[in-house]
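Please work through the exercises below with the sequence and the model open beside the text. Each task is followed by a solution that proceeds in steps.

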Amino acid sequence: MYLHKELETMTRPEIEKLQLERLQKTVRHCMNSPFYKKRFEENNLKPEDIQTLDDLRKIPFTTKQDLRDTYPFGIASVPLEKATRLHSSSGTTGNPTVILHTQKDLDEWANAVARCLHMVGLRPTDVFQNSSGYGMFTGGLGFQYGAERLGMLTVPAAAGNTKRQIKFMTDFGTTAVHAIPSYAARIYEVMQELGVDPRRDTKLKTLIIGAEPHSEEQRRRIEEMLGVKAYNSFGMSEMCGPGVAFECTEQNGLHIWEDYYIVEIVNPETLEPVAEGEVGELVLTTINREAMPLLRYRTRDLTRVLPGECPCGRHHKRLDRMKGRSDDMIILKGVNIFPIQIETILLQFKELSTDYLITLETVDTNDEMTIEVELNDMFTDDYARLQSLTREITRQLKDEILVTPRIKLMPKGALPKSEGKAVRVKDLRKTY
Ligand code: ADP
Ligand code: ZN
């Protein structure tokens, strides 16, 4: 059984002491990586130059492009025969990226995920069902090994086949499910079709939701629908996968495990650190990895470190709910908009479901935004009511995003559903 209580409850000085030791070790180890060896030489840097945690800033950033340029194995710090697994991103926008793991890396990853699951109250008596795709997507094997490490009965249901997914939940007495937030909403829809009442017919109590940006409103909806507590889980393949940062039972930010990662938040343009508590790009350094440590990796995810202490007593820093990736930002009529801002407004309307699609297109020479959003069950033919609802949604959105979108209310189930991460934005604009 897994328990690392002493690591979870370290004080700040203890965390920082361990971080410096692990950082220095990691940097020395990185000199086995052809990529980092060259980087250090080009910058006249030596591992001995890292004497304090602040010295980390002497090291250049590592980017997704660096991973692509060195595809597949050029950043690795171990010879290939030491690696026991690789994961790879989808590669839709160029060379895929590859992350290598040694057996020790996989063990440590399972420990991190187990720690997260334990933190939200899961125990070996729980039955954990994972609705992630298995294979290259790290949400599959990542949660599988973590849940097993904790000693739970683990059901690798994998993605899709929602009816079977629900049958497993009822038959096996599933108490905890890991699902992408958009898929959690889908599970509920299908339960309704099947006449399954999650409160009456299942033992569900915990949901782990993550892998895609979602609003607080979305979380509350999911909790209400399924009668569970839903905890936000953040991770990415480059940092192993799930298990990087996770909410505790306070649900007020995601503790990032600082015995595995050093956190920096930088201004994505100047690359300078932002002031404490400000939003910027999350930059992570892995300090507990063997096969492929990454130094100052620019994640492109935007968030901030929450000020203050968490009442749970853990001193590991807390990240705010992700605002999205810097590349998710929509620029429309010169205004910067994050899809999550739109979601936050939409879900305040109880008439609306959690499914929506933002389309950007050029009409004549103007760029316009259309938001299609599904109505809840209470779909009505009352034209006047739908019109006033549309007006109210438009008004509130305009206040938030400063441009006026066109709102299309759709009957439930009308929007396309995806089994993986939800597609929320379609950009069909012409570029002149
Ligand atoms: P891909 O890059 O193909 O989406 P990953 O599974 O590695 O593959 O995705 C990691 C990314 O998913 C993160 O960088 C982040 O943008 C997003 N993500 C993961 N967890 C969350 C979360 N809890 N909230 C918001 N975004 C998340
Ligand atoms: Zn906490």
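The exercises that follow concern a predicted model and take up helix packing, sheets and nonpolar cores.

**Exercise 1.** Describe how helix 7 and helix 8 pack, and which residues make the contact.

*Solution.* Begin with the geometry: helix 7, residues 162-172, and helix 8, residues 181-194, have axes that lie 10 Å apart and meet at an angle of about 80°. Because angles from 65 to 115 degrees count as roughly perpendicular, helix 7 is roughly perpendicular to helix 8. Next, list the residues: helix 7 contributes Thr162, Lys163, Gln165, Ile166 and Met169, while helix 8 contributes Tyr183, Arg186, Ile187, Val190, Met191 and Leu194. Finally, sort them by character, which gives seven nonpolar, two polar and two charged residues in the contact of helix 7 with helix 8.

**Exercise 2.** Work out which strands stand at the edges of the sheet with the order 19-18-17-20, and which helix packs on this sheet.

*Solution.* The sheet is open, has four strands and shows mixed pairing. Strand 19 (406-410) and strand 20 (425-427) each have a single partner strand, so they stand at the edges and one side of each is left without a neighbour in the sheet. On average, neighbouring strands of this sheet are turned by 15° against each other, direction ignored. The helix that packs on the sheet is helix 11 (residues 339-346), which touches strand 17, strand 18 (366-375) and strand 20, and whose direction makes about 135° with that of strand 17. As for the pairing at one edge, strand 17 (residues 352-363) and strand 20 run parallel and are joined by three bridges.

**Exercise 3.** For the sheet with the order 10-11-12-14, find how strand 12 is joined to strand 14.

*Solution.* This open sheet of four strands is antiparallel in its pairing. Strand 14 (324-325) stands at an edge, as does strand 10 (261-266), because each has a single partner strand. Between strand 12 (residues 297-303) and strand 14, which run antiparallel, there are two bridges. Aspartate 301 has arginine 325, in strand 14, as its bridge partner.

**Exercise 4.** Identify the residues that touch the most other members of the largest nonpolar core, and the helix that supplies its largest share.

*Solution.* The largest nonpolar core holds 64 residues, and Leu117 and Phe128 touch the most other members. Helix 5 (residues 103-119) supplies the largest share, eight residues. Leaving aside neighbours within four places in sequence, the contacts of phenylalanine 128 include Leu117, Phe143, Met152, Ala176 and Ile208. Another core, of 24 residues, lies apart from this one, and among its residues are Leu360, Ile371, Leu386 and Ile401.

Note on methods: Residues are numbered from 1 along each chain as its sequence is written. Chains are lettered from A and ligands numbered from 1 in the order in which they are written. This is a predicted model: local features need pLDDT of at least 70, side-chain atom pairs count only at pLDDT 80 or more; totals for chains, interfaces and linings use all residues. Side-chain values use heavy atoms; hydrogens and water are left out. Axes are lines fitted to C-alpha atoms, for helices over the stretch in contact, and angles run from 0 to 180 degrees between N-to-C directions. Angles under 35 degrees count as roughly parallel, over 145 as roughly antiparallel, 65 to 115 as roughly perpendicular and the rest as oblique. Contact means heavy atoms within 4.5 Å. Ala, Val, Leu, Ile, Met, Phe, Trp, Tyr, Cys and Pro count as nonpolar, Asp, Glu, Lys and Arg as charged, and the others, Gly among them, as polar. Two strands pair if DSSP finds at least two bridges between them. A nonpolar core is a set of buried Ala, Val, Leu, Ile, Met, Phe, Trp, Tyr and Cys residues joined through side-chain atoms within 4.5 Å. Buried means under 20% relative accessible area, exposed over 50%, partly exposed in between (1.4 Å probe, protein chains only).
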